[in-house]
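Trainee: I have a new model open and would like to learn how to read its features. Could you walk me through a few of them?

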Amino acid sequence: LPTRAGSSLEPEERSMEPSAVPEEEEVPLTVASGPASCQLFGYVGIEAVLDQMKIKTMKTGFEFNIMVVGQSGLGKSTMVNTLFKSKVSRKAAQPGQEERIPRTVQLQSVTHVIEEKGVKMKLTVTDTPGFGDQINNENCWDPIIKYVNEQYERYLREEILITRKRKIPDTRVHGCVYFVPPTGHWLRPLDLEFMRRLSKIVNVVPVIAKADTLTLEERAEFKQRIQEDLKTHAISVYPQEDFDQDPDDRVLNDRIREKIPFAVVGADQEHQVNGKRVLGRKTKWGIIEVENPAHCEFPLL
């Protein structure tokens, strides 16, 4: 029995030996401090990648989908035409025809192909007539949220297919410009509720429409009140802090956040100022230049 017990313990002791790793046999771990620079002995051709990407991108072109939201009469169509310097926004069928305000929010999209110096961009402008024009505006943002989510789902369905298209048509809304009426007071409950809901699914850029109706002092005070409202209700507008990937981006985005909401003025007519043709609005006191930072913040937009 003693010999049998001793023999039975030996295999257990031997089986435990391999599992325990001796301290002398530990493999040292090397931690890389950063990407090591390597000196090239000759020309490789890495710089040609940028040219190849540029040629390929110019052939395929870009797609940009923008949505404009706001009450009627705030100059949404004029602002979009000013933004792209062309007649791209929705207009009435005839110049003298009066557009009737729909009873419910309807979404209308117009697609154009804009070309500038050989670069093509497929621009889709989605308008929301009827938003905020009723006496009871309860849940008037539901059709807009439904439309934005449908475009995401449509793109996802195309993307998860095994045999995907070489270029998936992108109908997702890349940015939503929300027009705040120039009241000079605080944001309305409708404005807060819309931006609170839409900022979670799309990039929302609030702008003060027809900012030329406010004086500079009124405009600065109105912007400060809007910024306080956005901060109080935890509404994150574009550019979000998640985009601050490096210090340079953070500095640029902070500079833009200080100016939000942008006080903009739209104009689709050119005027002569100091021998130059500029876009602007002519008044009895002078010409409000659209692209002059001293007059409005359209260049920032």
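Trainee: Let me start with one residue: in which helix is Asp191 found?

Mentor: Happy to help, and keep in mind that this is a predicted model. Asp191 belongs to helix H5, which covers residues 189–198.

Trainee: Is Asp191 buried or exposed?

Mentor: The general idea is a cut-off: a residue counts as buried under 20% relative accessible area. Asp191 has 1%, so it is buried.

Trainee: Which residues does Asp191 touch, leaving aside those up to four places away in sequence?

Mentor: Its contacts are then Tyr178, Val180 and Pro181.

Trainee: Now the surface. Which residues make the nonpolar patch?

Mentor: Leu40, Val44, Ile46, Val49, Leu50 and Met53 form this patch, with an area of about 610 Å². One of its members, Val49, sits in helix H2, residues 48–60.

Trainee: How does Val49 count in terms of accessibility?

Mentor: Partly exposed lies between the 20% and 50% cut-offs. Val49 has 37% relative accessibility, so it falls in that class.

Trainee: And the sheet: what is the order of its three strands?

Mentor: The order is E7-E8-E9, in an open sheet with antiparallel pairing. Strands E7 (270–273) and E9 (286–289) are at the edges: each has a single partner strand, so one side of each has no neighbour in the sheet. From one strand to the next, the twist averages 70°.

Trainee: How many bridges join E7 to E8?

Mentor: Four bridges link E7 to the antiparallel strand E8, residues 276–283. For a pair to look up, take His271, whose bridge partner in E8 is Val278.

How values were computed:
Residues numbered from 1 in each chain as written. Predicted model: local features only at pLDDT ≥ 70, side-chain atom pairs only at ≥ 80, totals over all residues. Heavy atoms only, no water. Patch = residues over 30% accessible without salt bridge, like charges linked within 9 Å, V, L, I, M, F, W, Y side chains within 5 Å. Areas by Shrake-Rupley, 256 points an atom, 1.4 Å probe, with all protein chains shown as cover. Salt bridge = Lys/Arg side-chain N within 4 Å of Asp/Glu carboxyl O. Helix = DSSP H or I, 4+ residues; strand = E, 2+ residues; numbered from the N terminus. Buried < 20%, exposed > 50% of the residue type's maximum accessible area, 1.4 Å probe, protein only. Pairing = 2+ DSSP bridges. Axes fitted to C-alpha atoms, helices over the stretch in contact; angles between N-to-C directions. Contact = heavy atoms within 4.5 Å.
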